[in-house]
Amino acid sequence: IEKIIKPSPEKFPTIWSIAPNFNAYGTDPPRIMEKWITEGKFDPAERKFAIITNDSAYSLDISERMKKVLEGFGWTCIMYETVPTTDIHDWRPLLAKLKAYKPNFILNADYVVGNAANFVKQFNEDPFNSLIFIQYAPVLQEFIDLTKEYSTGILYSLIGGPIYSPKAEKTIEFSKKYEEEYGEKPTGAYNVYIYEGVHVYADALRKVGNPKEYLEIGKAIGETDKDTVMGRLKFDKETHLALQGDEFIPIQLYQIWKGERNLLFIEKFATADFQLPPWFK
């Protein structure tokens, strides 16, 4: 909605998005990876990277942003492949090309869970020293169920979902309620968006009192500033999106390790340090 609202935000007084801008999906992982390099935790001697993306606007936008930021850090793109947004069962031909190029970092922005799981399992048939970052798919428990031990070492990020950390009190409270109700842990962002969205409206309704006072309720929603499961929620007055950033709704970067989600960033909630994947020699 940003492109629609930003030219004239005053025309949309009742439209607010609890989801923030997703630009950080493309910009922040390279920034965090650069920190690991500086700290000596990762040594990409040649700084070569490869990108695989499906042809959706979501994946293409993230891929293009990450490509630009990596190149800004002195990396060289040696392979950029676009695949159709459909089920992909056999990645082996493309993996053979990747192994010939031997990039130090691979982004697979195909967010389809089955596709991402097949990619990771088939990569592990003949792996090489490359960090692998998968867009969104590992957020879902189905990814870990499908990949089992092969997902150890995989990196992914999340904007707007539960912060999996014992330091995140709101997530602990939410997760407990969610598990009691549905018998499983919450994953992904959408359950959190719905949960927090209902509470934002309820807060505004309590403040205004009359559900038919639409403009007043819209104004009250726009004034929201509260701690939530996904971080501090406050709206950008120009775009009507939730503010994104370390002090608002942060990007979270995880590494899967033996079926567990290790939160590497944001630092104040981190539960583990980055480790080289087990396929590195």
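**Salt bridges and a negative surface patch**

In this predicted model, 19 salt bridges are found in a search of the whole structure, a salt bridge being a side-chain nitrogen of Lys or Arg within 4 Å of a carboxyl oxygen of Asp or Glu. Local features need pLDDT of at least 70, side-chain atom pairs count only at pLDDT 80 or more, and totals for chains, interfaces and linings use all residues. Residues are numbered from 1 along each chain as its sequence is written, and side-chain values use heavy atoms, with hydrogens and water left out.

One salt bridge joins Arg 47 and Glu 34 (2.9 Å, N to O). This pair links distant parts of the chain, 13 residues apart: Arg 47 lies in the loop between α2 (24–38) and β2 (48–54), and Glu 34 in helix α2. Helices (H or I, at least four residues) and strands (E, at least two) are DSSP runs, numbered from the N terminus. Arg 47 counts as buried because its relative accessibility is 18%, and Glu 34 counts as buried at 16%; buried means under 20% relative accessible area, exposed over 50%, and partly exposed in between (1.4 Å probe, protein chains only).

A salt bridge also connects Glu 267 and Lys 35 (3.2 Å, N to O). Glu 267 is in the segment after β11 (260–265) and Lys 35 in helix α2, 232 residues apart. Glu 267 is partly exposed at 47%, as is Lys 35 at 37%.

Within helix α3 (residues 57–72), Lys 67 and Glu 71 are four residues apart, so about one helical turn separates them. Their side chains form a salt bridge (2.9 Å, N to O).
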